[in-house]
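Here is a walk through one model, going from a single loop residue out to pockets, cores and cysteines. Have the viewer open while you read.

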Amino acid sequence: MDCIELVEIITDYLEGTLPHHDRERFNAHLRECPYCVTYVGQMRATLRALGEIPVESISDTAKERLLHAFREWKRG
Amino acid sequence: MFVKPSKHRHKSSDGRKYYTMAENRETDERRLIASLRSGDECAFTAVVARYQVAMTRVARGFVHDEATAEDVVQEAWLGILNGLAAFEGRGSLKSWIFAIVVNRAKTRATREGRSTPFSSLVSLETSGTEPAVDPDRFLDATAKWPGHWSQPPVAWGADPEACLLHSETMAQLKRILDDLPPAQRTVISLRDIAGQDAESICNALGITETNMRVLLHRARSKVRGSLERYLTNTEEAARS
């Protein structure tokens with residue numbers, strides 16, 4: 001496997017959908033290529049960061065509307 | 001000798017919980033649904049805080065602007081509240097919530113006569129080839145190691161994850177997401193922000209798993225690439 005192939009199948013690798021044989025080739029490449037190790041590490045870090053996007057403070061009007069809706073719903 | 005019952009009976013001696021994470025999540029979710037049904041305002045505020053951002057990003061994939069997306073989410077919450085009594089908990093609460101957001105967003109997009117239906121966006125955004133990384137960054141066929149890096153990625157500091165969690169980088173990450181093509185943005189929001197599994201995403205969006213994965217791959221590769229450019233520029237600016 002070369003690096004240009006690795007960057008194209010990384011999503012299947014990380015999603016666990018890469019066929020066994022390709023997974024082996026992928027891992028074998030990583031053992032030899034520190035650059036691709038960096039690449040995979042950056043992709044993992046990116047995914048972690050996406051999962052941690054902070055909650056924007058919801059505007060007061062939106063919050064009021066939602067709470068109002070919730071109270072209405074509660075009343076039935 | 002009398003042994004006082006431990007307050008932390010759910011923990012074993014090595015501090016690990018007996019429950020698996022999935023079981024914990026299920027218990028948490030059941031408790032949350034019960035609180036919502038009983039009209040607990042705190043539970044409602046908490047669940048809004050947890051999902052609001054991801055819901056807005058998902059809705060944004062279908063409608064023209066942020067304000068409409070927020071409106072769609074508002075509508076979705078009403079749908080969620082009204083459906084709560086009937087929710088049987090066969091799937092997860094989260095999948096159900098996002099399926100409702102997608103439905104409302106689709107309806108709104110149709111009603112507003114958005115010029116491009118989602119299916120057209122999908123074919124547009126999955127067509128052709130779109131290299132994950134600029135091909136110029138790899139050695140060409142004449143080199144000794146063709147297809148290997150000529151301009152390899154540079155490490156993002158000693159701890160790339162810590163580096164990304166800076167608030168400025170997070171703000172940049174949101175701008176990067178906004179710049180993605182809409183179908184790619186929707187898929188990456190559902191998968192990586194909302195943490196939905198592939199099957200739920202395909203069902204909610206009505207797309208094939210292959211297309212889902214192409215959209216996800218293109219979106220993720222772009223986000224990593226944009227972060228790389230941003231972090232390199234910031235570092236250069238800091239040095240000069």
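Ala155(B) sits in the loop that runs between helix 5 and helix 6 (160-164) of chain B. Keep in mind that this is a predicted model, so everything below is computed from predicted coordinates. With a relative accessibility of 47%, Ala155(B) counts as partly exposed. Setting aside residues up to four places away in sequence, Ala155(B) touches Thr38(A) and Gln42(A), so go looking for its partners in chain A. There is also a long-range pairing to check: Ala155(B) and Glu228(B) are 73 residues apart in sequence, yet their C-alpha atoms are 9.3 Å apart in space.

**Arg224(B) and the second largest pocket**

Glu228(B) comes back as one of the residues closest to the centre of the second largest pocket. That pocket holds about 430 Å³ of space. Of its 22 lining residues, the closest to the centre are Arg137(B), Arg224(B), Gly225(B), Glu228(B) and Arg229(B). Sorted by class, the lining has nine charged, eight nonpolar and five polar residues.

Arg224(B) deserves a click of its own. It belongs to helix 10 of chain B. Is Arg224(B) buried or exposed? It is buried, because its relative accessible area is 1%, under the 20% cut-off. Leaving out neighbours within four places in sequence, Arg224(B) contacts Tyr39(A), Gln42(A), Met43(A) and Thr46(A) in chain A, plus Val133(B), Arg137(B), Pro153(B) and Trp156(B) in chain B. Gln42(A) is thus a contact of Arg224(B) and of Ala155(B) as well.

**The cavity**

Next, the enclosed space. A search of the whole structure turns up one cavity of 30 Å³ or more, and its volume is about 30 Å³. What lines the largest cavity? The lining is made of Thr56(B), Arg57(B), Arg60(B), Glu66(B), Asp178(B) and Arg185(B). By class that comes to five charged residues, one polar and no nonpolar. Helix 2 (residues 41-60) of chain B gives the largest share of this lining, with three residues.

Here are the two spaces side by side:

| Space | Volume | Nonpolar lining residues | Polar lining residues | Charged lining residues |
|---|---|---|---|---|
| Largest cavity | about 30 Å³ | none | one | five |
| Second largest pocket | about 430 Å³ | eight | five | nine |

**Chain B and its cores**

Stepping back to the whole chain, chain B has ten helices and zero strands. Of its 240 residues, 45% count as buried. Take the contacts in chain B between residues at least 6 apart in sequence: 65% of them join residues at least 24 apart.

The largest nonpolar core has 71 residues, and Phe44(B), Met55(B), Trp77(B) and Leu205(B) touch the most other members. Helix 2 of chain B supplies the largest share of this core, ten residues. A second, separate core has 18 residues, including Cys3(A), Ile9(A), Leu18(A) and Trp149(B).

Leu205(B) leads on to helix 9. Not counting residues up to four places away, it touches Phe62(B), Val102(B), Lys106(B), Phe118(B), Thr186(B), Val187(B) and Leu190(B). Why is helix 9 (residues 198-205) of chain B largely enclosed by the rest of the structure? Because six of its eight residues are buried, namely Ala198(B), Ser200(B), Ile201(B), Cys202(B), Ala204(B) and Leu205(B). Their cover includes helix 4 (93-111), helix 5 (118-126), helix 8 (182-193) and helix 10 (209-239) of chain B. Just after helix 9, Gly206(B) takes a positive phi of about 65°.

**Cysteines**

How many disulfides does the structure hold? Zero, over all chains. A disulfide is a covalent bond between the sulfur atoms of two cysteines. One pair to inspect is Cys33(A) and Cys36(A): the sulfur of Cys33(A) has its closest cysteine sulfur in Cys36(A), at 3.7 Å, and this is too far for a bond because the cut-off is 2.5 Å. Looked at from the other end, the closest cysteine sulfur to that of Cys36(A) is the one in Cys33(A). Both partners are tucked away from solvent by the accessibility criterion: Cys33(A) is buried at 8% relative accessible area, and Cys36(A) is buried at 0%.

Conventions. Residues numbered from 1 in each chain as written. Chains lettered and ligands numbered in written order. Predicted model: local features only at pLDDT ≥ 70, side-chain atom pairs only at ≥ 80, totals over all residues. Heavy atoms only, no water. 1 Å grid on protein atoms, 1.4 Å probe; cavity = no way out; pocket = protein on both sides within 12 Å on 5 of 7 lines; lining within 4 Å. Points joined across faces, edges and corners; volume = space filled by probe spheres on them. Helix = DSSP H or I, 4+ residues; strand = E, 2+ residues; numbered from the N terminus. Nonpolar A, V, L, I, M, F, W, Y, C, P; charged D, E, K, R; others polar. Buried < 20%, exposed > 50% of the residue type's maximum accessible area, 1.4 Å probe, protein only. Contact = heavy atoms within 4.5 Å. Core = buried A, V, L, I, M, F, W, Y, C linked by side-chain atoms within 4.5 Å.
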